[in-house]
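The exercises below are to be worked with the sequence and the structure open side by side. Each one sets a task and then solves it step by step.

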Amino acid sequence: MDRLMAMRAFTRVAETGSFTRAADSLNMPIATLSKLVKSLEAHLEVRLLHRTTRRVVTTPEGEAYYEKALRVLIDIEDIDASFRATSGTPKGHLRIDVGGSTARDVLIPLLPDFMQRYPDIRIDLGVADRPVDMISGNVDCVIRGGPLADSSLIARHIGDAEMVTCASPGYLKAYGVPAYPDELRNGHRLISYLSPVTGRPFPFRFRENGQTREIGVPHYLGVNESNAHLAASVAGLGIIQTFCYSVKPHVNDGTMTEILKAWRPAAYPFHVVYPQNRHLTHRLRVFIAWLAEVFPAALKGKPGECPA
C-alpha cells in the first residue's frame, strides 16, 4: 500500500462525502481509490468511513484520523512548496470559481497576463453566480462580491466595483428619465437581480447625503444570472443596477444610458476566498498576490468610463 496516496484518497472522500467525487478530484479510477481506502482501514484495523446508499460519512475514528492525516499532508506540501518557491516557478493545477459577469468582464481579460507570468500553472475556471461548496467541489479559491456570510473561510479584499443605475435609450424614450430615485415608483419597470441562493431580489439602493436608502418597488422582471440580467435591460425591458465594469461598453457605445448619477450606491467590495483548512500552495499564493495587484484597477475601469 502506498500510505501517502491512501491518506490522500481517504481525506478527499471525507471532504467530498463521495467516492466518485473524490476519484474525479484526484484523477484516478474509483476502483483504485476504493482499494486504497480499504487497504488503509485494514492497515489501521479500524473503520474510517460509514457508507450509505446516499452518502459516505466519517466514523468517530475516521474524523480523528482525518484531522491528523490532513496535518501530515499539509506539512508534506509545505516542504515541497518551500523548495519549489526557491526556483520561482510555481506549477500545478488551480481550480477557481467566479461569477458570470466578473469572469467575462474582469478576470478573463486579465488572465493572459497571469498565464504568461506563470506558464506552468493550469487553471480550471468554474463560472456561475451560484455559490459553490469549496470543499466538496475541490475548489482552491472563489472570487465573489458583496458581504461575506461564511466565517469559516479566509478572505482577502481585492478591490471595489462602482454600482450604476442604467436603462436602454429605447426604454427611457418610452417611460421617461427619472429625475430622482423616488420617481422609480411612478410606473417604471425595474429588473431585479435575484439571489441565486434564496431567489429573493436584491433591492435598488441609492446613496444620498452619505446615507444609503432602498427603494421598495416590486420588480417587473427578475433574473438570477448576471450576464442575462444585463442583457434584459439592453433589450429595453427595464432599469437595472449593475456593476460599472459590466455595463461600461454599452454606455460607451450608446446602447445603455446611466441615470440617477447623483445617487450612485456605495461601491461593492470584492474578495478572494479560500477554506481555512486548505493548504495555501505556492501556485495559490502567487494567484492571490496577482489578483491583489491587478484587480482593483480592473474593477474601477479605465479613466473616462462610467464617469462619476
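**Exercise 1: a three-stranded sheet**

In strand 12, the residue bridged to Cys166 is Ile240. Starting from this pair, describe the sheet that holds strand 12 and the helix that lies across it.

Solution. The model is predicted: local features need pLDDT of at least 70, side-chain atom pairs count only at pLDDT 80 or more, and totals for chains, interfaces and linings use all residues. Residues are numbered from 1 along each chain as its sequence is written, and side-chain values use heavy atoms, with hydrogens and water left out.

Step 1. Fix the terms. Helices (H or I, at least four residues) and strands (E, at least two) are DSSP runs numbered from the N terminus; two strands pair if DSSP finds at least two bridges between them.

Step 2. Strand 7 (residues 163-167) pairs with strand 12 in the antiparallel sense, over four bridges.

Step 3. The open sheet consists of three strands in the order 12-7-13, with antiparallel pairing. Its edges are strand 12 (240-243) and strand 13 (257-259), each of which pairs on one side only.

Step 4. On average, neighbouring strands of this sheet are turned by 55 degrees against each other, direction ignored. Axes are lines fitted to C-alpha atoms, for helices over the stretch in contact, and angles run from 0 to 180 degrees between N-to-C directions.

Step 5. Helix 8 (residues 244-253) lies across strand 7 and strand 12, and runs at about 110 degrees to strand 12.

**Exercise 2: the nonpolar cores**

Which elements supply the largest nonpolar core, and which residues touch the most other members?

Solution. Step 1. A nonpolar core is a set of buried Ala, Val, Leu, Ile, Met, Phe, Trp, Tyr and Cys residues joined through side-chain atoms within 4.5 Å. Buried means under 20% relative accessible area, exposed over 50%, and partly exposed in between (1.4 Å probe, protein chains only).

Step 2. The largest core has 33 residues, of which Leu107, Phe114, Ile143, Phe287, Trp290, Leu291 and Phe295 touch the most other members.

Step 3. At least two residues each come from strand 3 (92-98), helix 5 (100-117), strand 4 (121-127), strand 5 (141-145), strand 6 (153-161), strand 14 (268-275) and helix 9 (282-300). Helix 9 gives the most, with ten residues.

Step 4. Take Phe114 as an example. With neighbours within four places in sequence left aside, Phe114 is in contact (heavy atoms within 4.5 Å) with Leu94, Ile121, Ile123, Val286, Phe287 and Trp290.

Step 5. A second, separate core has 21 residues, including Val13, Ala23, Met28 and Leu40.

**Exercise 3: helices with a buried face**

Find the buried residues of helix 2 and helix 7, and state how they are arranged around each axis.

Solution. Step 1. In helix 2 (residues 19-26), Phe19, Ala22, Ala23 and Ser25 are buried. Seen down the axis, they fall within an arc of 165 degrees and so line one face of helix 2. The arc is that of the directions from the helix axis to the C-beta atoms.

Step 2. The buried residues of helix 2 pack against helix 1 (3-16), helix 3, strand 1, strand 2 (56-58) and strand 3.

Step 3. In helix 7 (residues 226-234), the buried residues are Ser226, His229, Leu230, Ala232 and Ser233. Their arc is within 155 degrees, so they too line one face of the helix.

Step 4. Packing partners of these helix 7 residues are helix 5, strand 7, strand 8 (191-193), strand 11 (221-223), strand 12 and helix 8.

**Exercise 4: salt bridges**

What are the distances and burial classes for the salt bridges of Arg51 and Glu162?

Solution. Step 1. A salt bridge is a side-chain nitrogen of Lys or Arg within 4 Å of a carboxyl oxygen of Asp or Glu. The whole structure holds twelve.

Step 2. Arg51 bridges to Glu41, with the closest N and O atoms 3.3 Å apart. Arg51 lies in strand 1 (residues 49-51) and Glu41 in helix 3 (residues 30-44), ten residues apart. Arg51 is partly exposed because its relative accessibility is 31%; Glu41, at 11%, is buried.

Step 3. Glu162 bridges to Arg264, with the closest N and O atoms 3.6 Å apart. Glu162 sits in the loop between strand 6 and strand 7, and Arg264 in the loop between strand 13 and strand 14, 102 residues apart. At 29% relative accessibility Glu162 is partly exposed, whereas Arg264 is buried at 12%.
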